[in-house]
Amino acid sequence: MTAYHRPTRLEDALAIRAGADVAVLAGGTDIFPARTARAAWGDPTHKDVLDISALPGLREISETDEGWRIGCLVTWSTLIGAALPPLFDGLKAAAREVGGRQVQNRATLVGNMVTASPAGDGIPILLALDASVEIISRRGARRVAVAEFLTGYRTTALAADELVLALHVPRLHGGQGGFRKLGARHYLVISIAMTAGVIATDSAGRITSARIALGACSAVAQRLPALEAALIGVARAQATQVVQPHHLQSISPIDDIRASAAYRRDAALVLLRDLLEARA
Amino acid sequence: MIDIAFTLNGTPCTVAAPPFAPLSDTLRERLGLTGTKEGCNAGDCGACTVLVDGAQACACLIPSAQAQGAEVQTVEATQGEVGAVLARLRAAFLAHGAAQCGICSPGMLMAATDLLLRNAAPDRAAVRDALGGVLCRCTGYAKVLDAVLDAAPQAAPAPEAGKAVGAGIARLDGVAKLDGTDRFGADEAPADALWLRVVRSPHASARFTLGDLEAARREWRLDAILTADDVPGLNAFGIMPALKDQPVLSDGLVRFRGEAVLGLVGTREAVMAVRDSALPITWHPLPALHGTAEASAAEAPQLHAHAPGNLLIEGKLNRGTPARDIANAEGRFTTAFVEHAYIEPEAGYAQPAPDGLGMEVFACTQAPYMDREETARVLGVAEELVRIRPSACGGGFGGKLDVSVQPLLAVAASKLNRPIRIVYSRAESMASTTKRHPASITARMSADAEGRFTSYEFDADFNTGAYASWGATVANRVPVHAGGPYRIPNLRNRARAIYTNDTPAGAFRGFGVPQAAIATESLVDDLAEQLGLDRWEIRRRNAIGRGDTTHSGQVLHASAGLPECLDALKPEWEAMLARVAAHNATSPRERLGAGIACMWYGCGNTSMSNPSRMKLTLSRDGTLTLFNGAVDIGQGSTTVMAQICADALGLPLQNFRFVLGDTSRTYDAGKTSASRQTFVSGRAAMETGLALRRRILALANAGEDAVLALEGTQLRVGAARVIDLATLDADLEAEGRYDPPTTALDENGQGTPYATYGFAAQIALVSVDTALGVTRVKRIVAAQDVGRAVNPTLVLGQIHGGIAQGLGLALMEEFIPGRTENLHDYLIPTAGDVPEIAVHLIEDPEPEGPYGAKGVGEPALVPTAPAILSAIRHATGVTMRQVPVLPHRLWEQMR
Ligand SMILES: Cc1cc2nc3c(=O)[nH]c(=O)nc-3n(C[C@@H](O)[C@@H](O)[C@H](O)COP(=O)(O)OP(=O)(O)OC[C@H]3O[C@@H](n4cnc5c(N)ncnc54)[C@H](O)[C@@H]3O)c2cc1C
Ligand code: FES
Ligand code: FES
């Protein structure tokens, strides 16, 4: 029998996490489908569950000295409805394209990141936002950049006794976020590829900061440093022309049921240009 | 197990449930609220949508523990604001025909409620966004969106006597579909039922041996583990009368991934706890044949003793002598396995009759009488001992014509002598039940200088999978239809059904004709291009019509409205072409394209007797009852039969009561397939009504046009005569039967395979993002000759739904065994994918049909995919010969 814990105090949650190998459950929108898929082919077993949804104080987005703190129980719907600057427009756009409303209402951004799927729509934009992860365990707290947190295909730097408590997004003066997703149908679709970016410009309309990431084109979504460097100093209106195939050298798209590798590579370029086409 | 306290539909409630069980399961199995449906248990279908703290959520993704302290509202809600919004939505859904099978309706209603509570006057885009997470496979969403947007729904007034046919009345079985009380396969079972879970082969081809099952049974605390040895009768089933090739439980050789191997029987907890890998099954995997090319290769192993070369059957049609002409087109086309993706996975229960002899099966089905025959054979008992009670059917589209759960349940129930219940998981449903046949087609077509078609040749291999199912029907139907609804003097058509180690392919809306139309309509476009003719024009010149002879040598004496369909589309076709030209002149990346396609479709079984029979009684207490064996799988036959019968009898619909599709109470009205119910059973319903009317008139000695009226037991006949039914010696009873006149096809496929045909044409407007290869269908205009629209609302529903499925076939649906066994990897259209649809109903009456009606169910799907392909070609210059046109496939062709 699967044991099920739903503590109401963080200390208790950390104690459970430290004491046993449990699956952390927030919105459950990744946990339940995975369980259904295994059970369908005769594996009904499941790890014990640590349901963190009753922990207090983790559903808020708050402003801090350095920027914003997004609690680990913040859902896509909360993000969509939150009053946030244009820096977050990409994150909101991603949120609107995750699943349908039912999923947006329950699923968390942090859960999306911890699942670390190459197709996780929240991940490229977190990379572009330069977000960092607040991690806690009985051993103490630590902060890790999202890029370091994601270590590979569905793997993370999270230790078995740790929980993600929140995400931190630093301020970027004049920063504007964007997101583009490509899928084979309108709603409820797993991305074939997606791009996200955050750009800041000076008063002359030149790009002063560019952070661009690409998802579903490698085992882990990645930033595109060569493209970012090439964008610096370029007039915002000219940004799309900067994108070149060699900026995508680091990606390694695969052939799967949704698309071919060659297509993904080409589509990535198109999506990047579309992303940069967008208003400042 | 924990106690969970929450507010359910406004009332405090506490339930003991496992904390990790999905909330949907707790609602259904522990609280008895089966209005919340489960179609996937993975968040993909939205059938389980409820409101949690006022926001829509998938109950299948919520651990029951998280309901603690929450406010949960379900479709059963009647109180407060939610209750009020729901009541209005129900009325609108009913008036608009927004529920067909109804399995998605609770989810749709809750998602719409969530929206309307936040935004009382949403626009269409907002409704689409709100409903985007709920899949519907029947309606094409159009009527659902209309219903949500209709703030003040008006029910159509009840038609008076004699005026029912032609009235777009609300479906008679609609209320239960909208308040959560309709009983689908998983919604009902005796309290003492044990559960059955089927262990299925993970291999496409393998032998297996079984070890100590008794030890396993004890270890897992099961009541029984069933094997092939437990099948009391013949361990075989199948559609073809002389070929029962599929075992209920495999006897040691499996031929596809998903084949049933063992049946685990016990409490639900016990059967669900078993790990398949811990069971004593030793697998010896064998090489598997995937696809028809592998299976028909010379060195391919033979999968069935009766099928050398793995050839199940070959169908042919030969007429004249095909030859090249001025214009010649040729192509190779491939289509994929397509999954029916009805939102209701197979479910039901069986229970031994109290007499110890009989067996009753309650399950979702399209063919109760065939289920009875199959179940009786497997049990080794007489057919009369088996009673099939169809549950509400949450979508079928051909996929519930074959038995699935029925023989398994019956075997288990007879072995354990107690009620047994089963609910397939989505993956199990997708892996183990039939699909649309993938086809590889080579076709050629020629035309003379005036664009008249002169020759056509068609050669197709259909992958029928591991077992025959409806493979023979496809192979017989396709050659008759392949050339399309055009006058063509010379044809050579061949269709082969080939066994492979893939999932069995069976019946799916159109029986192979949609695949053939993809090839043929593409060639028609080729010919038009070669000859410099407009694509509408070339079709109009060749369109088959009244007085013409079909490819099988049948003269169409009546009801052949394709020319009228095309004429109806002409103005919009011109407008579409103009719109495309104007747009594309300034838009190099986002290209528009217009496309067109036609179809014909024979109603009823191919060259086979397929009678329907019905009964109508007027009892001495004044109740008027139609005993209607036709199963309504959402298309609306219950309503249509009633409308027809009411007008034939001459009493208003409100006087009728119904006994529906129950093999122990109704006569056989055949299968709900082949677009035959309105035409064949409808005619039987008409004959039934007429027969009772004749009896009444004779009794009253009244003239033929006497007006009837029924009040209590007083039956008024004409102005002068009143019969007091209570004084009669016996109830009045009448029967009607109809079997469409057909003849056998000779060795060249010549004869009269169908009594009538449906005809249709569609035009499609698409936009293609040429940089990404993404196609969006923007508009479809359909014109369909339906003979007579008995219920225009229901007819439109069929056409919308067919178009949505055709769109899926064209652009996104591809079942790959082992890879797309769920509804997030297997994509069907959502509310955001179906375009605006306009429909012209053409009514060229069919003299054989009831009040001129003929079938509409399948035809609507057939032209959609080819029209979309035609439009993609117009937009991009690229001819796609493989479906689905996934973005990367189109992109590759454009390079
Ligand atoms: C129908 C459907 C459609 C979807 N569509 C999309 C889509 O379009 N795009 C997309 O990107 N995703 C999509 N998803 C997946 C998306 O819903 C999830 O990735 C979601 O965001 C995960 O959040 P959750 O709270 O539900 O996570 P859960 O399922 O509760 O958990 C996910 C993982 O994160 C871990 N976890 C969660 N919170 C913590 C924490 N605080 N500390 C440590 N570990 C934690 C869990 O242990 C688990 O491994 C879809 C899902 C469904 C069911
Ligand atoms: S059953 Fe919950 S979404 Fe399908
Ligand atoms: S009515 Fe929507 S699935 Fe049948």
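Is Glu537(B) buried, partly exposed or exposed? In this predicted model, Glu537(B) counts as partly exposed, at 26% relative accessibility. The partner of Glu537(B) in a salt bridge is Arg541(B), with 3.0 Å between the closest N and O atoms. Arg541(B) counts as partly exposed too, at 33% relative accessibility. Both residues belong to helix 15 (residues 535-542) of chain B, where they stand four residues apart, about one turn of the helix.

**Salt bridges**

Over all chains, a search of the whole structure finds 71 salt bridges. Four of them, all in chain B, are listed here with the distance between the closest N and O atoms.

| Basic residue | Acidic residue | Closest N and O atoms |
|---|---|---|
| Arg257(B) | Glu821(B) | 2.8 Å |
| Lys435(B) | Glu339(B) | 2.7 Å |
| Arg873(B) | Glu529(B) | 3.2 Å |
| Arg541(B) | Glu537(B) | 3.0 Å |

The salt bridge of Lys435(B) with Glu339(B) has its closest N and O atoms 2.7 Å apart. This pair links distant parts of the chain, its residues being 96 residues apart. Lys435(B) sits in the loop between helix 12 (426-432) and strand 18 (439-447) of chain B, and Glu339(B) in the loop between strand 13 (327-334) and strand 14 (347-352) of chain B. Lys435(B) counts as buried because its relative accessibility is 0%, under the 20% limit. Glu339(B) is likewise at 0% relative accessibility and counts as buried.

Glu529(B) and Arg873(B) form a salt bridge at 3.2 Å between the closest N and O atoms. Here too distant parts of the chain are linked: Glu529(B) is in helix 14 (residues 513-531) of chain B and Arg873(B) in helix 20 (residues 864-876) of chain B, 344 residues apart. Glu529(B) is exposed, with a relative accessible area of 59%, whereas Arg873(B) is buried, with a relative accessible area of 12%.

**Domains 2 and 3 of chain B**

Chain B is divided into four domains: domain 1 (1-158), domain 2 (194-287 + 341-432), domain 3 (510-603 + 748-894) and domain 4 (612-738). Taken over C-alpha atoms, the centres of domain 2 of chain B and domain 3 of chain B are separated by 38 Å. Contact between these two domains involves nine residues of domain 2 of chain B and ten residues of domain 3 of chain B. Between them the two domains bury about 760 Å², of which 71% is on carbon and sulfur atoms. Of the area that domain 2 of chain B buries against domain 3 of chain B, 58% is supplied by Arg257(B), Ala341(B) and Met430(B), more than by any other three residues.

The rule finds one salt bridge across this interface. Arg257(B) forms a salt bridge with Glu821(B), the closest N and O atoms lying 2.8 Å apart. One residue pair in polar contact, both at pLDDT 80 or more, is also found across the interface. On the side of domain 2 of chain B that touches domain 3 of chain B, the residues divide into seven nonpolar, no polar and two charged.

**Asn493(B)**

Asn493(B) is found in strand 20 (residues 490-499) of chain B and is buried, with a relative accessible area of 1%. A polar atom of the Asn493(B) side chain lies 2.9 Å from the backbone oxygen of Pro479(B). Leaving aside residues up to four places away in sequence, Asn493(B) touches residues including Gly315(B), Lys316(B), Leu317(B), Tyr456(B), Phe458(B), Pro479(B) and Ala482(B).

Note on methods
Residues numbered from 1 in each chain as written. Chains lettered and ligands numbered in written order. Predicted model: local features only at pLDDT ≥ 70, side-chain atom pairs only at ≥ 80, totals over all residues. Heavy atoms only, no water. Domains from an automatic or database assignment. Contact = heavy atoms within 4.5 Å. Buried area = accessible area lost by both parts, 1.4 Å probe. Salt bridge = Lys/Arg side-chain N within 4 Å of Asp/Glu carboxyl O. Polar contact = N/O pair within 3.5 Å; in protein donor to acceptor, adjacent residues only side chain to side chain. Nonpolar A, V, L, I, M, F, W, Y, C, P; charged D, E, K, R; others polar. Helix = DSSP H or I, 4+ residues; strand = E, 2+ residues; numbered from the N terminus. Buried < 20%, exposed > 50% of the residue type's maximum accessible area, 1.4 Å probe, protein only.
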